[in-house]
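Student: I've got a model open and a few labels on it that I'd like to question. Can we go through them one by one?

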Amino acid sequence: MNQLKTGIFSGSFNPVHIGHLALANYLCEYGGLDEVWFMVTPHNPLKEQTELWSDELRLELVRLATEDYPRFHASDFEFHLPRPSYSVYTLEKLRKQHPEREFCLIIGSDNWNSFSHWREPQRIIAENPILIYPRPGFPVDEKQLPANVRMVDSPIFEISSTFIRKALSEGKDIRYFLHPKVWEFISRYLPDLKGNEA
């Protein structure tokens with residue numbers, strides 16, 4: 001049986017927004033992936049992250065945003081690993097637990113440019129396919145890419161979670177930047193995040 005090609009899209013998703021979802025949707029429909037797992041990264045206790053929403057809240061919002069598309073999966077896998085978590089070890093444990101899948105790391109071209117500073121980067125490349133999506137200002141020379149690494153010509157979505165949080169704190173109605181269920185959850189249960197409704 002062929003292994004399911006499963007993309008690992010790791011991030012804080014603080015919060016998840018339509019840029020994340022549209023990119024992952026593109027990678028499923030055009031990038032050769034069977035599924036994308038949204039790997040919510042836990043709070044790093046070694047770092048000050050006062051802007052980071054709780055692990056449980058970020059995961060719940062990802063679940064709400066992904067539950068209607070069968071090729072998306074919200075994952076808390078790294079919540080159960082030693083912290084801080086490193087991609088090389090996360091991928092190793094994923095392969096052991098899910099031999100029926102071929103895991104592919106999804107990263108932006110900005111992260112690829114600094115990939116040499118990651119924990120055991122050559123091992124990651126040797127053991128896992130990598131998909132790079134474009135980010136403005138971070139060009140990648142495709143001719144220099146290792147055999148296991150490829151660029152995808154995905155649309156560029158310049159929406160940041162920082163922008164979302166700032167807009168919410170200012171009481172802006174940014175419902176079209178978020179999945180409808182995420183917007184509804186924030187509006188109903190977290191009005192304190194929305195400045196004008198606090």
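Student: Which elements each supply at least two residues of the lining of the largest cavity?

Tutor: β1 and α3 do. Helices (H or I, at least four residues) and strands (E, at least two) are DSSP runs, numbered from the N terminus. Before we go on: this is a predicted model, where local features need pLDDT of at least 70 and side-chain atom pairs count only at pLDDT 80 or more, while totals for chains, interfaces and linings use all residues. Residues are numbered from 1 along each chain as its sequence is written, and side-chain values use heavy atoms, with hydrogens and water left out.

Student: What makes something a cavity and not a pocket?

Tutor: It's done on a 1 Å grid over the protein atoms alone: in a cavity a 1.4 Å probe fits but cannot get out, whereas a pocket is an open set of points with protein on both sides within 12 Å along at least five of seven lines. Lining residues have an atom within 4 Å of a point. The count comes to 1 cavity of 30 Å³ or more, and the largest cavity has a volume of about 30 Å³. That volume is the space filled by probe spheres set on the points, which are joined across faces, edges and corners.

Student: Which residues line the largest cavity, and which element gives the largest share?

Tutor: The lining is Ile8, Ser10, Met39, Glu78, Ser87, Thr90, Leu91 and Leu105. α3 gives the largest share, 3 residues.

Student: How big is the largest pocket, and what lines it?

Tutor: The largest pocket comes to about 1300 Å³. Its lining has 46 residues, with Ser10, Gly11, Ser12, Thr41 and Asn111 nearest the centre. β4 gives the most to that lining, with 4 residues.

Student: And the second largest pocket, what's its volume?

Tutor: About 170 Å³. Its lining has 13 residues, and those nearest the centre are Lys5, Cys104, Pro129, Leu131 and Arg150.

Student: Cys104 caught my eye. How do you know that Cys104 is in no disulfide?

Tutor: A disulfide here is a pair of cysteine sulfur atoms within 2.5 Å. For Cys104 the nearest cysteine sulfur, that of Cys28, is 11 Å away, so the pair fails the cut-off. The structure holds 0 disulfides.

Student: Why is Cys28 called buried?

Tutor: Buried means under 20% relative accessible area (exposed is over 50%, partly exposed in between; 1.4 Å probe, protein chains only). Cys28 has 4% relative accessibility, so Cys28 counts as buried. Cys104, at 7%, counts as buried too.

Student: Why does Phe38 count as buried?

Tutor: Phe38 sits at 0% relative accessibility, so the label fits. This residue lies in strand β2. Leaving out residues up to four places away in sequence, Phe38 touches residues including Phe9, Phe13, Val62 and Phe72, where contact means heavy atoms within 4.5 Å.

Student: What makes α2 mostly covered?

Tutor: Of its 12 residues, 9 are buried. Among them are Leu57, Leu61 and Leu64. What covers the buried residues of α2 includes α1, β2, β3 and α7.

Student: How do you know that the span of helix α2 agrees with what it should be?

Tutor: The expected span is 1.5 Å times one less than the number of residues. For the 12 residues of α2 (residues 55–66) that gives 16 Å, and the end C-alpha atoms are 17 Å apart, which agrees.
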